[in-house]
Amino acid sequence: MPTTSAPALLRGGEWLLQPSDADATFTPERTTEEHRLIAQTAKQFVENEVLPVLDRLEQKDWTLSRQLIKRAADLGLLGVDVPDTYGGVGLDKVSSLIVSERMAPSASFGATWGASANLTVIPIYLFGNEAQKKKYLPRLLSGEMVGAYGLSETGSGSDALGARTRAARQPDGSFVLNGEKMWITNGGFADLMVVFAKVDGEQFTAFLVERPYGVKSGKEEHKMGLHGSSTTALIFQDVHVPAENVLGEIGKGHKVAFNVLNFARFKLGAACAGGAYGVIGESAKYAANRRQFGQPIASFGAIKHKIGEMVCRTYAIESLLYRTAGLVDARMAAAEGAAEGAAALAAFEEYAVEASIAKVAGSEALDFVLDENIQIHGGNGYVKDYPAERHFRDARVNRIFEGTNEINRLLIPGMLVRRALKGDLALIPAARALQDELLGPPSMSSSDDALLGEERRAVETFKKVALMVLGVAMQTFGEKLTDQQEVLMHVADIVIDTYSAESAVLRATAASTRRAQRADLHVDAARVFVNDAAMRIDAAARQALAATTEGDTLRTMLAGLRRLLKVTPINTVALRRRLADEAVSRGAYPFAW
Ligand SMILES: Cc1cc2nc3c(=O)[nH]c(=O)nc-3n(C[C@H](O)[C@H](O)[C@H](O)COP(=O)(O)OP(=O)(O)OC[C@H]3O[C@@H](n4cnc5c(N)ncnc54)[C@H](O)[C@@H]3O)c2cc1C
């Protein structure tokens, strides 16, 4: 297993309470030769073997999907997270992130691959007993079997635990499943399914169900996008499942479902970033070649703004993904003596807030990039001759599956509050200390002339704003805070922008300190992101505070907010232009490697 040099071991969400060290933060610039090799393997596979046959996949040639799964297996792209004992290649989580990024340009096949390699392999690896792992993992990881994950039902999507599929316990210990799962990726041809059902109508439980047990597929859904991936209902009519195919414990299916989602959300964030890298290249090349009014449209400020912003938002997402993968790897490395599966499970649970951030921020940044890509393509963006419209349709579902972005936004402050109340995260003392600071005389903050000094200072104030808004909301609403979804959404937005901004600043700082290639562009991207994040955070905080307090208290809070958030605007026009010009001259995302 390649090791990433260990970042300081902050616990999940702890970055909100203390500064992070740029030197100890994992970034794409710190990837090893082995990371680059796996990146190259995945990239070449997608470019040479998947993209040329996308049209055939879109015509629902599932035999071809199976062949590609086998080929991905031969290249070691299915078993990145699983040790060789079970037929995997056992790489670190940075490699896992890299593979998800690199599979993304073939969105439809990426979904096929993900449903098997992530959503089926991971639950078996994490929750399967030795016999189940030995029986199924080698077959899944060699591509002999294709997997699917059956959680959602017509009446229970976000409310997954409300599933109505039943597993009736039989006298011999086996189960009979009845019910229907909806929108299941690989539903039309998967051989093995992780299926969630309620034992005797009550105990939510995961099962490993082979198709020959009697599972039927519904018709292929007519979707907005991802036409090259199979999505069907799975129908269970008196399907007999042996006793030994319970995955995990009876009544503990929620543990399987939620922990798998922590992994899956992080990887979905990675796939979104991977989609954005390539599309920025498409936009940049198109803008360089398309001429209007006698000049390339890339020379117009309005287009430079778009490309610059696409680069800047993608930079922040990429930075937070690598930072998080570094944290997960370090946590796993520190779990000496723990079995690797148990260490991975604990690490992803620890960084569940960061995984939700990666999912929400990644999917929304990608949709922004794809929307602007269509706009840059003008009429050509709206017709099928160019890939822009396919990308746009394919990506929209990212905000819906693996927990909708609303559910993930609610989870972010929800998990922080839960950890604070359990005493796992010192959020409450930090919020109290901030209150004292705000009641005291203002401190004379001098400007920091060091490179990115102002941005580092700004990020520290973002954290204080997050603490202030969440602290006041907890104090005001107490246990009823969960009813205040609009306030929680604003808090989530502040937390997401804060983690993104800090990740960008840490990476740019490290790039400058280590004199990385074009470190100046790293600095530009981080500065633009922080500048704009300050405005978004200010708006979100005002809305949340006004919905939480009123009268003199609100006025005091707003004065506190003004005192904290003193970020002088910078000339982002010049910086975005530089980022855009670099993308156009390279015909690629400037930080691509
Ligand atoms: C192409 C595709 C592939 C899929 N693949 C799979 C798969 O392989 N396996 C699988 O199990 N599922 C899969 N799904 C299903 C997917 O996970 C669900 O669609 C998703 O979880 C949302 O559930 P839902 O569609 O029932 O929406 P709903 O839960 O009905 O949500 C509708 C809206 O209400 C909001 N909402 C719901 N509850 C709340 C709440 N408590 N507070 C605030 N807002 C709320 C949601 O955010 C959303 O905006 C897939 C879906 C698609 C489209």
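## Strands β2 and β3

Strand β2, made up of residues 166-169, is joined to strand β3, residues 175-185, by four bridges, and the two strands run antiparallel. Within this predicted model, one position of the pairing can be located through A168, which stands opposite V176 in β3.

The two strands form a hairpin with five residues between them. In this hairpin, G173 adopts a positive phi near 95 degrees.

## Strand β4 and its partners

Strand β4 covers residues 192-199 and pairs with β2 in the parallel sense, over two bridges. A167 of β2 has V199 as its bridge partner in β4. Strand β2 therefore has an antiparallel pairing with β3 and a parallel pairing with β4, both under the rule that two strands pair if at least two bridges are found between them.

Strand β1, residues 147-150, also pairs with β4 in the parallel sense, here over four bridges. For Y149, the bridge partner in β4 is V194. A further neighbour of β4 is strand β5, residues 203-210; eight bridges join these two strands, which run antiparallel. In that pairing M193 stands opposite V209 of β5.

Strands β4 and β5 are also linked as a hairpin, with three residues between them. D200, located in the turn, has a positive phi of about 50 degrees. As for solvent cover, β4 is mostly covered, and eight of its eight residues are buried.

## Residue I307 in helix α9

Attention now turns to a helical residue. I307 lies in helix α9, which comprises residues 301-334. Its relative accessibility is 1%, and because buried means a value under 20%, I307 counts as buried.

Leaving aside residues up to four places away in sequence, I307 touches S283, A284, A287, I376, A580, A583 and V584. I184 can serve as a reference point for the position of I307: these two residues are 123 residues apart in sequence, and their C-alpha atoms are 35 Å apart in space. I184 falls within the residue range of β3, 175-185.

## The protein as a whole

The protein contains 19 helices and ten strands. Its radius of gyration is 24 Å, close to the 25 Å that the globule rule gives for 593 residues, so the protein is as compact as a globular protein of that length. Along the principal axes, the C-alpha atoms fill a box of roughly 75 × 60 × 45 Å.

Of the 593 residues, 58% count as buried. Among contacts with a separation of 6 or more, 77% are accounted for by residues 24 or more positions apart.

## Surface and charge

The accessible surface of the protein comes to about 23,900 Å², and carbon and sulfur atoms make up 52% of that area. The protein carries 67 positive and 71 negative side chains. The centres of these two sets lie 2 Å apart.

Note on methods:
Residues are numbered from 1 along each chain as its sequence is written. This is a predicted model: local features need pLDDT of at least 70, side-chain atom pairs count only at pLDDT 80 or more; totals for chains, interfaces and linings use all residues. Side-chain values use heavy atoms; hydrogens and water are left out. Buried means under 20% relative accessible area, exposed over 50%, partly exposed in between (1.4 Å probe, protein chains only). Contact means heavy atoms within 4.5 Å. The radius of gyration is taken over C-alpha atoms; the globule rule is 2.2 Å times the number of residues to the power 0.38. Accessible areas come from the Shrake-Rupley method with a 1.4 Å probe; for residues, only the protein chains shown count as cover. Lys and Arg count as positive and Asp and Glu as negative; His and the chain ends are not counted. The place of a charge is taken as NZ of Lys, CZ of Arg, CG of Asp or CD of Glu.
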